[in-house]
Amino acid sequence: MPKIYSELEKNNIRRALRREAGRCLALYGVRKTTVDELVHRVDIPKGTFYLFYDSKESLFFDLLKSFADEVENEYLAMLQEIDENHIVTSLTDIFYTILMKFYNEGLYRFLDGAELELVMRKLPENYLPDLSERMSSVIHSLFSYFYIDDEGDIKSFEAGYEALLYLLLSADRLEDKEKALRLLVRGLVLQMVE
């Protein structure tokens with residue numbers, strides 16, 4: 001008989017699975033990450049995995065969706081609490097933190113298309129447009145928060161930030177990636193508050 005989990009246990013298992021999926025994604029990519037590896041890392045029976053997700057691909061999709069939710073909820077709230085006296089530093093910290101979370105959770109791997117295609121092959125066709133729209137909406141929300149009048153300027157800042165996300169595909173080649181990425185984020189922020 002399968003174990004019955006409390007809501008707290010279910011949330012903890014989902015969170016642990018997403019965390020480990022991100023780590024595996026960063027280390028191995030989608031193809032080389034297995035359900036066996038994930039359940040070993042989370043220390044749950046394999047059958048328990050399937051109580052939560054139909055496949056590793058649905059877990060990776062949930063990881064992307066959770067990232068978008070977190071950015072929208074947590075980081076938009078952080079923008080509301082921003083220190084007006086140190087706006088450039090505060091904004092740089094927020095946008096840099098989002099960028100590094102995207103990197104550290106291995107989500108940047110989806111930017112090359114091949115990894116995302118592996119995930120999307122196993123999911124319903126309508127998931128990708130919904131996800132793309134959701135991610136665009138979140139980034140738009142971040143930049144729209146600053147009451148930039150010109151929609152073209154908002155699109156330019158979004159494109160600049162998206163370019164930073166794509167840079168993550170080769171970030172490991174940078175000698176001091178953290179400093180370099182922070183400097184680029186700061187440059188974007190300076191343009192935004194100008």
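**Reading Lys101, helix H1 and the largest pocket**

Q: Does Lys101 count as buried or exposed, and at what relative accessibility?

A: Lys101 counts as buried, because its relative accessibility is 18% and the cut-off for buried is under 20%. The model is a predicted one, and the value is computed from it. Lys101 sits in helix H5, which covers residues 87-104.

Q: What does Lys101 touch, not counting residues up to four places away in sequence?

A: Setting aside those residues removes the local part of the chain from the list. What remains for Lys101 is Phe67, Glu70 and Tyr75. For Phe67, the separation from Lys101 is 34 residues in sequence, while the C-alpha to C-alpha distance is 8.6 Å.

Q: Which side chain does a polar contact join to that of Lys101?

A: A polar contact is a pair of N or O atoms within 3.5 Å. Here the side chains of Lys101 and Glu105 are joined by one of 2.4 Å.

Q: Where is the place of Glu105, and with which residues is Glu105 in contact beyond its neighbours within four places in sequence?

A: Glu105 belongs to the loop between H5 and H6. Beyond those neighbours, Glu105 is in contact with Gly22, Leu25, Leu63 and Phe67. Phe67 is also among the residues that Lys101 touches.

Q: How many Å does helix H1 span between its end C-alpha atoms?

A: The general idea is to set the end-to-end span against that of a straight helix. A straight helix of 26 residues would span 38 Å at 1.5 Å a residue, but H1 (residues 7-32) spans only 31 Å.

Q: Where does H1 bend?

A: The bend is at Ala26, and its angle is about 90°.

Q: Which residues in H1 are buried?

A: The list is Ile13, Ala16, Leu17, Glu20, Ala21, Gly22, Cys24, Leu25, Gly29 and Val30. Gly22 and Leu25 also appear among the contacts of Glu105. The buried residues of H1 pack against H2 (35-42), H3 (46-52), H4 (56-80), H5 and H6 (114-120).

Q: What volume does the largest pocket have?

A: A pocket is read by its volume, then by its lining. The volume is about 510 Å³. Lining this pocket are 24 residues, of which Leu111, Ser132, Met135, Ser136 and Ile139 are the closest to its centre.

Q: Which elements give two or more residues to the lining of the largest pocket?

A: They are H4, H5, H7 (127-144) and H8 (151-167). The most comes from H7, with 8 residues.

Q: Is Ser144 buried, exposed or partly exposed?

A: Ser144 is partly exposed, because its relative accessibility of 25% falls between the 20% and 50% cut-offs. Ser144 is found in H7. Its C-alpha atom is separated by 12 Å from that of Glu72, 72 residues apart along the chain.

Q: What phi does Asp43 have?

A: The sign of phi is the point to read here. Asp43 is not a glycine, yet its phi is positive, at about 65°. Asp43 lies in the loop between H2 and H3. With a relative accessible area of 69%, Asp43 is exposed, because the cut-off for exposed is over 50%.

Methods
Residues numbered from 1 in each chain as written. Predicted model: local features only at pLDDT ≥ 70, side-chain atom pairs only at ≥ 80, totals over all residues. Heavy atoms only, no water. Helix = DSSP H or I, 4+ residues; strand = E, 2+ residues; numbered from the N terminus. Buried < 20%, exposed > 50% of the residue type's maximum accessible area, 1.4 Å probe, protein only. Polar contact = N/O pair within 3.5 Å; in protein donor to acceptor, adjacent residues only side chain to side chain. Contact = heavy atoms within 4.5 Å. Expected span 1.5 Å × (residues − 1). Bend = angle between axes of the 7 residues up to and from the residue. 1 Å grid on protein atoms, 1.4 Å probe; cavity = no way out; pocket = protein on both sides within 12 Å on 5 of 7 lines; lining within 4 Å. Points joined across faces, edges and corners; volume = space filled by probe spheres on them.
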